[in-house]
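Welcome! Here are some exercises to work through with the structure at your side. Try each task yourself before you read the solution.

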Amino acid sequence: MRTIGLSWTEWKTPWSASDDENVAECPAPQMQRKSFKALGTPTVQAAALSSDRTDLSAEEVLNRARLKRAELEAAGEIDWVCDRQPHAVGQGPTPDRNLVGKTLEVRWRYHHKDTGKPVYIWCEGEVVQIADGESDRQTPRCKKLLPAGAVRIKWPADVEYDEAESYVWSVLKPSAFNKDVHLGWRYAGCELKRMEAAHCKRKRQK
């Protein structure tokens, strides 16, 4: 498809080469257009289409694509963090010690400063502790133990909402993974990049 259908003649790779590092990020295709002798006088529409045609280099096409993606991200029409999660929606891992040190996004419910209406925001924090179910409590005065797998997250200071740095215990359920619900959770973008870099490194070492 890439070589024949899209004329990417400079990008021929074996179809079964799953370890090809270039497959994940292919260059922008350079289409080879044919020129034909004009027959008669072009219509107004044909002339307009011809004048709008622009030849772009692969780098220019890629830059335009990145700008458009950033525009769609800002508008909330696409969400790359959601799309690149390593687990299916609602099928996240059971929180355990492997999450310690990981940066997560948790969907919190806030109240809009002006309208007072509830709004949901994905907030980024670092997991610092996982409850063992035997000794951890939400506060030293609490008598009730936290359930095993409860997550203690360090939240950075939030100037916009006038909140200082804090540590909060939460119960994150695998069924809420990457869902747009209260206490939905997922790996943060920075964590995804670290995981992907580690995965590529392991593949190169094989």
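## Exercise 1: Two unusual loop residues

Leu-183 is found in the loop that runs between strand 4 and strand 5. Keep in mind that this is a predicted model.

**Task.** Find the sign of phi at Leu-183, and decide how far this residue is exposed. Then do the same for Asn-178.

**Solution.**

Step 1. Start with the general rule: most residues other than glycine have a negative phi.

Step 2. Leu-183 is not a glycine, and yet its phi is positive, at about 65°.

Step 3. The relative accessible area of Leu-183 is 21%. Buried means under 20%, and Leu-183 counts as partly exposed.

Step 4. Now turn to Asn-178, which also sits in the loop between strand 4 and strand 5. Its phi is near 60°, again a positive value in a residue other than glycine.

Step 5. With a relative accessible area of 7%, Asn-178 is buried.

## Exercise 2: Reading the sheet

**Task.** Work out the order of the strands in the open sheet. Which strands stand at the edges?

**Solution.**

Step 1. Five strands make up the open sheet, in the order 4-3-2-1-5, and their pairing is antiparallel.

Step 2. The edges belong to strand 4 (166-170) and strand 5 (185-187). Each has a single partner strand, so one side of each has no neighbour in the sheet.

Step 3. On average, neighbouring strands of this sheet are turned by 40° against each other, direction ignored.

Step 4. Look at one pairing in detail. Strand 1 (residues 103-111) and strand 2 (residues 118-130) run antiparallel and are joined by nine bridges. Among the residues to look for are Tyr-110 and its bridge partner in strand 2, Val-119.

Step 5. Finish at the edge strand 4, where Ser-170 lies. Ser-170 is buried, at 7% relative accessible area. Leaving aside neighbours within four places in sequence, Ser-170 is in contact with Trp-108, Ala-150 and Val-151.

## Exercise 3: The two sides of a helix

**Task.** Compare the span of helix 4 with the expected one, then find where its buried residues lie around the axis.

**Solution.**

Step 1. Helix 4 (residues 189-205) has 17 residues. From its first C-alpha to its last it reaches 25 Å, close to the 24 Å expected at 1.5 Å a residue.

Step 2. Gly-189, Glu-191 and Leu-192 are buried in helix 4. Seen down the axis, the buried residues of this helix fall within an arc of 155°, so they line one face.

Step 3. What do these buried residues pack against? Their partners are helix 3 (80-83), strand 1 and strand 5.

Step 4. Now look at the face turned away from the buried side of helix 4: it carries the exposed residues Lys-193, Arg-204 and Gln-205.

## Exercise 4: Following the salt bridges

**Task.** Take three salt bridges, one at a time, and say which parts of the chain each one links.

**Solution.**

Step 1. Recall that side chains of opposite charge can pair when their charged atoms come close. The count for this model comes to seven salt bridges.

Step 2. Begin with Arg-186 and Glu-105, whose side chains meet at 2.8 Å, N to O. Arg-186 is in strand 5 and Glu-105 in strand 1, 81 residues apart, and the pair links distant parts of the chain. Both residues are buried.

Step 3. Widen the view a little: Asp-79, Glu-105 and Arg-186 are linked in a network of salt bridges.

Step 4. Next, find the salt bridge between Arg-107 and Asp-180, at 4.0 Å, N to O. Arg-107 lies in strand 1 and Asp-180 in the loop between strand 4 and strand 5, so this pair ties together parts that are 73 residues apart in sequence. Arg-107 counts as buried at 14% relative accessibility, whereas Asp-180 is exposed, with a relative accessible area of 58%.

Step 5. End with Glu-191 and Arg-194, which meet in a salt bridge of 2.7 Å, N to O. They are three residues apart in helix 4, so about one helical turn separates them. Glu-191 is buried at 5% relative accessibility, while Arg-194 is partly exposed at 44%.

Note on methods:
Residues numbered from 1 in each chain as written. Predicted model: local features only at pLDDT ≥ 70, side-chain atom pairs only at ≥ 80, totals over all residues. Heavy atoms only, no water. Pairing = 2+ DSSP bridges. Helix = DSSP H or I, 4+ residues; strand = E, 2+ residues; numbered from the N terminus. Axes fitted to C-alpha atoms, helices over the stretch in contact; angles between N-to-C directions. Expected span 1.5 Å × (residues − 1). Buried < 20%, exposed > 50% of the residue type's maximum accessible area, 1.4 Å probe, protein only. Arc of directions from axis to C-beta. Contact = heavy atoms within 4.5 Å.
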